[in-house]
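Visitor: Please take one part of this model and go through it closely. I would like to see how it begins, how it ends and what surrounds it.

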Amino acid sequence: MELHIFDLDETLIAGDSGVLWHQFLVQEGVVTQAGFLEQDAAMMQQYALGELALEQYISFSLTPIKHLSGEQVDRLVSQFVRQQVNRIVYPQGQALISQLKQSHEVLIISATVSFIVNQVAQLLGVEHHLGVDLHAEQGKYTEQIQGVASFREGKVTRLEQWLTDQSRQYSSISFYSDSINDQPLLEYADNAYTVNPCPKLKQLALERNWTQFSWQLN
């Protein structure tokens, strides 16, 4: 059995779930801070360049919802996934996942917080998924990252931890991503595939002769 791993944002969906989540929170009146989305956009520019400090971004993202219970946040995420994420799933990615699940294992590894990844993975029909886990205190999510963050080299670490916990061995590992931040896991995998790659990853894919996919919304 082969293991096929997918990044989430801009790979399986036509957008960044973190950015869309923040826009949703503004629309719902949960976030009222002036300049919040502009600050988010500046941080995502750093991410695109491979220069984002994840801890800083998590702190920024959690600040508006720290007063909410985990159940309240999860209900908001459910509404967000139904209204926003559901309409931007790449059909080519969904079809590939459905095909692969017939005889192989599928895993999503994302640098997005787990309380979002969990519900998006459920939407996509993917049982196994890893996101950035956060400590909870008194039933509320905190900005403190639990364990290793699934970001850059951390994705390789989290994958190796996950593999250790599995009862089966995989004949090969394939990874699909759009981002230069995922270079460590692309190089770790037996087979590397890029999906709508960012400029830096596109150049690297050309140098490494990695397969490049161009997926679009219908």
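Guide: At the start of helix 1, the backbone nitrogen of Gly18 has a side-chain oxygen of Asp16 within 2.8 Å. The model is a predicted one, and helix 1 spans residues 17-27. After the helix comes Gly29, with a positive phi near 80°.

Between these ends, helix 1 is mostly covered, with eight of its 11 residues buried. The buried residues are Ser17, Gly18, Val19, Leu20, Trp21, His22, Phe24 and Leu25. They pack against helix 2, helix 3, helix 4, strand 2 and helix 6.

Trp21 shows some of this packing in detail. Beyond its neighbours within four places in sequence, Trp21 is in contact with Ser61, Ile65, Val73, Leu76, Val77, Phe80, Phe115 and Ile116. Of these partners, Ser61 lies in helix 3 (54-62), Val73 in helix 4 (70-83) and Phe115 in helix 6 (114-124).

Trp21 also belongs to the largest nonpolar core, a set of 53 residues, and is among those with the most contacts inside it, along with Phe6, Ile108 and Phe115. Helix 1 supplies at least two residues of this core, as do helix 2 (36-48), helix 3, helix 4, helix 5 (91-100), strand 2 (105-113) and helix 6. The largest share, six residues, comes from helix 6. In soluble globular proteins, nonpolar side chains tend to be buried together.

A second core is separate from this one; it has 21 residues, including Ile109, Leu159, Trp162 and Ala189.

Key. Residues numbered from 1 in each chain as written. Predicted model: local features only at pLDDT ≥ 70, side-chain atom pairs only at ≥ 80, totals over all residues. Heavy atoms only, no water. Core = buried A, V, L, I, M, F, W, Y, C linked by side-chain atoms within 4.5 Å. Buried < 20%, exposed > 50% of the residue type's maximum accessible area, 1.4 Å probe, protein only. Helix = DSSP H or I, 4+ residues; strand = E, 2+ residues; numbered from the N terminus. Contact = heavy atoms within 4.5 Å. Polar contact = N/O pair within 3.5 Å; in protein donor to acceptor, adjacent residues only side chain to side chain.
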